Amino acid sequence: MTAGTAQAGDPHRERRPETAQLASSSIDVDVWRGVADGRFVRYRVPREASQTVLDVVTWIQRNLDPTLAYRYACRVGMCGSCAMTVNGVARWTCRTHVDRVAAGARLELRPLSNLPVIRDLVCDMRGFFDKWAAARGRLVPTATRNDPMARVLPASRERRAADAAIECIGCGVCHASCDIVAWRPDYLGPAALNRAWTLVNDVRDGGNRARLAAVAGDAGCHACHSQASCTERCPKHLAPTASIAGLKRAVSRALLKGEL
Amino acid sequence: MSLVRGAAGAAAGQRVDFDRSRARTDATLWLLQRASAFVLAVCVVVHLATIFYAVRSGLTAAAIVARIHASIAWPAFYAVFVVAAAVHAPIGLRAIAAEWMGFQGRRADLAAVVVGVALLALGLRAIWGLAA
């Protein structure tokens, strides 16, 4: 096989003709470099058809500056590691097409808001996941391996409520988009509270007394103003706002029963 | 702020790092805010409807004051209105103080209580002035 046929078989090569139809042959990308006191550096990146923002970042790192730090793993919207601020909006970059977000052939890439920057486009996610732990986002089993398998009917109210919230990939887009997190950094935030809500509805779980007390209060579900930025931005189209409203109801019920 | 060492949490082998009494206080305030909002919604509708009705009938302010003065029901209605407002507003202001002014815990609570007492005193004094 010659080099020529190998190139012809390359799907990216085959799509080349479409590039001619793009509005411009290149795109100017301002990328945050450094830590909190860093600066934007501009790179010029060739435009491709069906190019994602993650493709752009990878091109910069492989062709212009190998010291650029960023995170990704799966590239298909499963792992939740590639979220960044794209033109001012937190997004998963692997499934964000440049066509959809690059106004005037310009991109501005920053790390996620509301988390400390380690370097360039990489945030320290520890605070984000510590909040999942603080919200008791872990199953507290009530059965052993000797007990029969729990039967959870798919049509039951609890199962449907958990289903609606369970597909979170932990990307941090909601946490970065939440004004309340920006105003009071101790607020547990949409992702951790959404996770707690799935467990509140898990009939196998026995940790709700502690969980409801952990998520109640001004650093928990009651801080939410239902502005729904999390729901607007969630790439998985989940509704953390609805989950938080569910927690408020569950906490109120526990309070009135004297179980909080 | 004291940390509650709950028996349930300890038995499950989990670190208990939340304040249960704080959670109860915040949850209670949230419920009070919702309940007072419900009362306020009714009161505001009655208040506005009455004003529109009274103005349509061509009543003067002096005539309205005279009617309230002669009534027990209207001062009682406005007393409920004032109490609901005095409960509702400070809880919302407390959240604003926490988010925008950095008031924490007891300090925010105290500021809210001061505002609530002031609203209650001013409102009830106004009703007393009309009724007595």
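## Terms and model

A polar contact is a pair of N or O atoms within 3.5 Å; within protein, one must be able to donate a hydrogen and the other to accept it, and residues adjacent in sequence count only if both atoms are side-chain atoms. Thr58(A) gives an example: its side chain makes such a contact with the side chain of Tyr70(A), at 2.9 Å.

The model is predicted. Chain A and chain B are in contact in it.

## Chain A in outline

Chain A has 260 residues, and 47% of them count as buried. Its secondary structure consists of 13 helices and seven strands.

Many contacts link distant parts of the sequence. Take the contacts in chain A with a separation of 6 or more: 63% of them are between residues 24 or more positions apart.

## A hairpin of two strands

Strand S1 of chain A covers residues 26-33, and strand S2 of chain A covers residues 39-46. The two pair in the antiparallel sense, over eight bridges. Which residue of S2(A) stands opposite Ser26(A)? The partner is Pro46(A).

Five residues lie between the strands of this hairpin. One of the residues to note here is Gly34(A), with a positive phi near 100 degrees.

## Two threonines around helix H4

Thr58(A) sits in helix H4 of chain A. Is Thr58(A) buried or exposed? Its relative accessibility is 13%, so Thr58(A) counts as buried. Setting aside residues up to four places away in sequence, Thr58(A) touches Tyr70(A) and Tyr72(A). With Tyr70(A), the side chains also make the polar contact of 2.9 Å.

Thr67(A) lies in the loop between helix H4 (53-63) and strand S3 (83-86) of chain A. Thr67(A) is partly exposed, at a relative accessible area of 44%. Beyond four places in sequence, Thr67(A) is in contact with Arg33(A), Arg119(A) and Asp120(A). Arg33(A) is 34 residues away in sequence, and the C-alpha atoms of the pair are 9.8 Å apart. Their side chains are joined by a polar contact of 3.1 Å. The side chain of Thr67(A) also makes a polar contact with the side chain of Asp65(A), at 2.6 Å.

## Two residues with positive phi

Most residues other than glycine have a negative phi. Arg136(A) is not a glycine, yet its phi is positive, about 55 degrees. Arg136(A) is in the loop between helix H6 (126-134) and helix H7 (157-165) of chain A. It is buried, because its relative accessible area is 6% and the cut-off for buried is under 20%.

His237(A) is not a glycine either, and has a positive phi of about 55 degrees. This residue lies in the loop between helix H12 (229-233) and H13 of chain A. Is His237(A) buried or exposed? His237(A) is exposed, with a relative accessible area of 71%.

## Where the chains meet

How many residues does each chain bring to the contact? Chain A brings 23 residues and chain B brings 17 residues. The area buried between the chains is about 1,900 Å², and carbon and sulfur atoms give 56% of it. On the side of chain A, Arg136(A), Trp183(A) and Leu255(A) lose the most area to chain B. Together they account for 27% of what that side buries.

There is one salt bridge between chain A and chain B. Asp218(A) forms it with Arg94(B), and the closest N and O atoms are 2.6 Å apart. Four residue pairs are in polar contact across the interface, with both residues at pLDDT 80 or more. Three helices of chain A each supply at least two residues of the side that touches chain B: H9 (179-183), H11 (208-215) and H13 (240-256). H13(A) gives the largest share, five residues. By type, the residues on this side of chain A divide into twelve nonpolar, four polar and seven charged.

## A residue of chain B

Val42(B) lies in helix H2 of chain B, which covers residues 20-56. Val42(B) is partly exposed, with a relative accessible area of 44%. Phe81(B) is 39 residues from Val42(B) along the chain, and their C-alpha atoms are separated by 9.2 Å.

Methods:
Residues numbered from 1 in each chain as written. Chains lettered and ligands numbered in written order. Predicted model: local features only at pLDDT ≥ 70, side-chain atom pairs only at ≥ 80, totals over all residues. Heavy atoms only, no water. Contact = heavy atoms within 4.5 Å. Buried area = accessible area lost by both parts, 1.4 Å probe. Salt bridge = Lys/Arg side-chain N within 4 Å of Asp/Glu carboxyl O. Helix = DSSP H or I, 4+ residues; strand = E, 2+ residues; numbered from the N terminus. Nonpolar A, V, L, I, M, F, W, Y, C, P; charged D, E, K, R; others polar. Pairing = 2+ DSSP bridges. Buried < 20%, exposed > 50% of the residue type's maximum accessible area, 1.4 Å probe, protein only.
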